[in-house]
Amino acid sequence: MAWTLLAAGFSFYIPESSPAHLGMITFFIYLFAAFYSPGEGPVPFTYSAEAFPLFHREVGMSLAVSINLFFAGIEAMIFPKLSDALTPTGAIGLFA
């Protein structure tokens with residue numbers, strides 16, 4: 001999965017005048033989503049659902065989902081500043 005994000009980041013080096021610029025970025029982001037969804041995507045939710053006993057599962061899952069969404073929100077807020085500081089290639093490469 002990391003190679004797809006790295007390839008998407010390096011695709012920013014393709015000149016913007018080329019029709020392949022946007023197509024390659026979109027293609028590698030799509031591949032990342034295709035690999036992430038059946039693989040590591042549902043693992044945190046499945047693991048946290050099985051880690052708590054039945055009588056605490058609702059509270060445990062709500063805590064796990066809220067922590068996950070909290071950090072996703074923080075990432076969404078800092079990504080524009082990170083992208084400005086590191087360029088889009090560096091920002092996507094950092095997450096790869």
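## The buried side of H2

In helix H2, four residues are buried: His21, Ile25, Phe28 and Leu31. They sit on the same side of H2, because together they cover an arc of only 125° around the helix axis. There's a simple rule behind this sort of pattern: an α-helix has 3.6 residues a turn, so residues three or four places apart point the same way. Bear in mind that this is a predicted model.

What covers this buried side? Part of the answer is helix H1, residues 2-10, which is included in the cover over the buried residues of H2. Turn to the face of H2 that points away from the buried side, and you'll find the exposed residues Leu22 and Tyr30.

## How far H2 reaches

H2 runs over residues 20-36, which makes 17 residues. From its first C-alpha to its last, H2 reaches 24 Å, close to the 24 Å expected at 1.5 Å a residue.

## Serine 11, between H1 and H2

Just where the chain passes from one helix to the next, look for serine 11, which is in the loop between H1 and H2. Is serine 11 buried or exposed? Serine 11 counts as buried because its relative accessible area is 4%, and the cut-off for buried is under 20%.

Which residues does serine 11 touch, once its neighbours within four places in sequence are left aside? Serine 11 is in contact with His21, Met24, Ile25 and Phe28. Some of these names should ring a bell: His21, Ile25 and Phe28 are among the buried residues of H2.

## Two buried glycines

Glycine 41 is in the loop that links H2 to helix H3, residues 43-51. With a relative accessible area of 17%, glycine 41 is buried. Aspartate 84 is 43 residues away from glycine 41 in sequence, and their C-alpha atoms are 27 Å apart in space.

Glycine 60, on the other hand, belongs to helix H4. Its relative accessible area is 5%, so glycine 60 is buried. Between glycine 60 and glutamate 50, 10 residues apart along the chain, the C-alpha atoms are separated by 9.8 Å.

## A nonpolar patch on the surface

Now for the outside. Leu63, Ile67, Phe70 and Phe71 make up a nonpolar patch on the surface, and together they have about 420 Å² of accessible area.

Take one member of the patch, isoleucine 67, which is part of helix H4, residues 57-95. Why does isoleucine 67 count as partly exposed? Its relative accessibility is 41%, and partly exposed covers what lies between the under 20% of buried and the over 50% of exposed.

How values were computed
Residues numbered from 1 in each chain as written. Predicted model: local features only at pLDDT ≥ 70, side-chain atom pairs only at ≥ 80, totals over all residues. Heavy atoms only, no water. Patch = residues over 30% accessible without salt bridge, like charges linked within 9 Å, V, L, I, M, F, W, Y side chains within 5 Å. Areas by Shrake-Rupley, 256 points an atom, 1.4 Å probe, with all protein chains shown as cover. Salt bridge = Lys/Arg side-chain N within 4 Å of Asp/Glu carboxyl O. Buried < 20%, exposed > 50% of the residue type's maximum accessible area, 1.4 Å probe, protein only. Expected span 1.5 Å × (residues − 1). Arc of directions from axis to C-beta. Contact = heavy atoms within 4.5 Å.
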